[in-house]
Amino acid sequence: MSGTDKDHTVDWQFRVSGGRNSGEWKSIPVPSNWEMQGFGTYRYWSDWDGGLAPDREGQYRYTFSVPADWQGRAIEIVFGGVMTDTEVHLNGELVGPVHRGGFYEFRYDIDKHLRYGADNLLEVKVTRFSADKSINLAERRADFWMFSGIYRPVWLELKPSEHIERIALNAAHDGEFQAQVLLDGIEGADSVEGHIATLDGKRIGRRFSAAVAPGQREVILAARLRDVRPWSAEDPYRYKVVVELKRGRKSLHQVEETFGFRTVEVRPRDGFYINGRKIRLKGVNRHSFWPDSGRTTSEAISRSDIELIKSMNMNAVRVGHAPPDRHFLKVADELGIYVINELTGWQDAYNTDVGRPLVREMITRDHNHPSIIIWANGNEGGWNLELDADFRHWDRQKRPVIHPWALFGGIDTSHYETYDCCASSLFGGSELFMPTEFLHGLYDGGAATGLDDWWNRMLRHPLAVGGFIWAFADEGIVRDDQGGAIDTAGNSAPDGILGPYREKEGSFYAVREIWSPVYFPQSELSYLSEHFDGTLRVENRYDFTDLSEVKFSWELWQFPNPHDSEAAHEVISQGSAKTKEIAPGQSGNLALKLPKNWRTNHALALSATDSHGRLIHTWTWMIASPADTARRMFGESHGVVEAENNATHIQLRSEDLTLLIDKRNGRLAEVMRGEQRLSLDNGPRLVEGESKVENVSLDWEGDTPVVNIRYQGELRRTQWRLHSNGWLQINYAYGLPPKHQARYMGVTFDYPEEKVKSVRWLGRGPYRVWKNRLKGMTHNIWQNDYNDAITGQSWIYPEFKGFFRDFHWATLETMELPITLATSNHNTFLRLFTPAQASSPMATQVDFPSGDISLLQGIAPIGTKFHPAEAHGIQGALNRAGRLGQWHEGEMYLFFGTLPN
């Protein structure tokens, strides 16, 4: 009747009551949301305004024909989803009661209303607001974009007059199988038979059957199979069951369902179990949403989204706050992801009379998906306690039912608590806990920020079931009334780990490493020890998979100097490795058979790939230290350097390079290369704290002038050497008082960002980091072009500005001359400028330090939407000096212009 998804549609006639393109009959693709097709009005958040919105009603018309030989069959028209109240007429006759509820599949018997062998006129009236107040409160007054219209497919289902209406399966992981077979129109049929087969058609076990009598509406088929392969997110093995309605040997009707043998248990004050094994859920919240089509999506989008979810090493998704598309659950079964399926009710509930048919519609459509392990009755107070029994009535598998953000069903799902909460719940309680929303993303905050602390603590706690990050993707829509701009409704919708078109933010990679089922304790280090013998300790954090099933491959890399090559790295040698059997929850060793001269290389990269060919993660370690890298870049120095000491400045000259050091503050005042002046100046100075010059002297080490500056304050000294090969070497030291707390620790320079074009650098990248989101990045040479992107408001990734981890060297391409900066210090962050931030960023506001280009030993964390960074663990705290204070000696090198070979 309609198309199948957003990319395959059929035009129907349409008229909307108000807003854009209103008042006249035009064509509209079905399925679609009318707002996204140029009709009506765009609305976010509270859609309910007393029913006064101009586009409160849409009318559809579609003409179709059916063959004459369909007469005598059972025919239904099925609507996959319509927002919100739907009234259906066929050939001028009302086919059934108005359907209320926008997220559910519903159907009508229409065989008595059809004209066989002739044209039929279908008329559908859709009102974006419901006549039922509780539906408007549950569905329309909510924190997401509001859409209208026939947004999921419409089709006809044709069955024999005697037929199987549906089947509801209960297949346990031990091979116990039961099928409830619902029948209709039974007159002459006398049996129902079934068998189970693999997806390629190989039958397993024996046939099973049950007798049927005229008028009978239900039979139960049961079997016990041996040696079945259970379904799990790690091994989503599926079977199919074929059920036939028969009269004697004649098959009257046959249906087939794909399913998995899978068992779900909540063991109070013990754990959450799948197939008899205690598991932890690593999840995210996702809406059915696409920026240019609203809630009309496609199987291709569902597949891509689940692949992205699994590539973050997640194993679960909550489909907040409504049942998803059919194809999403189909792909979830196939690829393996645990699903919390949710009855809508954002913060208000359906009343009982309205909610009961919607619970039935949700469960009867989705019952047989092994991916569904939990039902959610509403959200954040939007649950109706009288409906809990309906879930148990319709679900033969008796899956757990939860009330998201409450303690119910043996699981505390409290939302947006802090890391150290609470006196008698979560980490401090005696109940299972699983926040169905936590670490609320906003712009570049939340999501992976704080996750490392949360997850490490959850791993240690026996009652932690896991958690679900809010949210999967920024929900911005393409506005045709704003020139195609993407609108995220201010800070209401940029909550995602990914952008609207699934652009990857830095949190994507951090989540992948933190939630990796393969964990190397040594991954907490950036550099390999000289005592490393090629053996890594490894922990198995899978629930079912032995690490012997994981493939490991390693490479030894060498990096070119900045002037040598545009390549990121050169692979010098490579190999593979396997562990012996290491069961879930156990640890063992992974031995890499590295060549004897492995220490002559610059870095080691190790990748893990699961049994399905999916990359788990790539870890990298530097072999070369920053000092090694700096020496390799520096080369030899032969020549004359001149120095002049006057009243206010010290001048250093080598060939056509001239530097001025201001004696009044001890900072770089001017750089000249020939006739070109560079704008780098006013440093190095501390990013936080004041220091006053105490003494300046010009000394000599052979032919090299040395400028020594001593200070009163936290910056204690700087020492300058201009080498004849053009490299400027600056040594500095600062000391912080005991237990001193600071957002930043390090030194900085000024440089006008409008003169910058790009940066090429060696370090962990290519994305920026925060103090409480350090993971996910890998060592390499990266190239980032200048941008001033606001994460979640513009989607140019990676962001150019921010903090970059484990810095060795960087070359800034500018409108003046290239500027190369290097360090000899381990664990140094490169700070590039101050990112633009949204006007109302809530707790994701970060105060950046003074200056533009900085070398830092301590950087700032970032908060979530609702909480400052310190509320989510120790990594979110300020940097703190030790009990006896903090002393740091730094060394940097600067080159102005094109590096010599």
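1. Lys159 belongs to strand β13, which covers residues 154–159, and the model in which Lys159 is seen here is a predicted one. With a relative accessible area of 12%, Lys159 counts as buried, because buried means under 20% relative accessible area.

2. The surroundings of Lys159 can be described residue by residue. Leaving aside residues up to four places away in sequence, Lys159 touches Arg73, Ala74, Glu76, Ile164, Glu165 and His253. For Glu165 there is a further detail, in that the side chain of Lys159 reaches the backbone oxygen of Glu165 at 3.4 Å.

3. Turning to internal space, the structure holds 10 cavities of 30 Å³ or more, and the largest cavity has a volume of about 150 Å³. Its lining is made up of 16 residues, and those nearest the centre of this largest cavity are Tyr443, Arg768, Ala836, Gln837 and Thr844. By class, the lining of the largest cavity comprises 10 nonpolar, 4 polar and 2 charged residues.

4. The second largest cavity encloses about 90 Å³ of space, and the residues that line this cavity are Leu680, Phe749, Ala810, Leu812, Ile819, Leu821, Leu830, Leu832, Ile853 and Leu894. Two or more lining residues come from each of the elements β56 (802–814), β57 (819–823) and β58 (829–832).

5. What classes of residue make up the lining of the second largest cavity? The lining has 10 nonpolar residues, with no polar and no charged residues, whereas the lining of the largest cavity includes 4 polar and 2 charged residues beside its 10 nonpolar ones.

Technical notes. Residues are numbered from 1 along each chain as its sequence is written. This is a predicted model: local features need pLDDT of at least 70, side-chain atom pairs count only at pLDDT 80 or more; totals for chains, interfaces and linings use all residues. Side-chain values use heavy atoms; hydrogens and water are left out. On a 1 Å grid over the protein atoms alone, a cavity is a set of points where a 1.4 Å probe fits but cannot get out, and a pocket is an open set with protein on both sides within 12 Å along at least five of seven lines; lining residues have an atom within 4 Å of a point. Grid points are joined across faces, edges and corners, and a volume is the space filled by probe spheres set on the points. Ala, Val, Leu, Ile, Met, Phe, Trp, Tyr, Cys and Pro count as nonpolar, Asp, Glu, Lys and Arg as charged, and the others, Gly among them, as polar. Helices (H or I, at least four residues) and strands (E, at least two) are DSSP runs, numbered from the N terminus. Buried means under 20% relative accessible area, exposed over 50%, partly exposed in between (1.4 Å probe, protein chains only). A polar contact is a pair of N or O atoms within 3.5 Å; within protein, one must be able to donate a hydrogen and the other to accept it, and residues adjacent in sequence count only if both atoms are side-chain atoms. Contact means heavy atoms within 4.5 Å.
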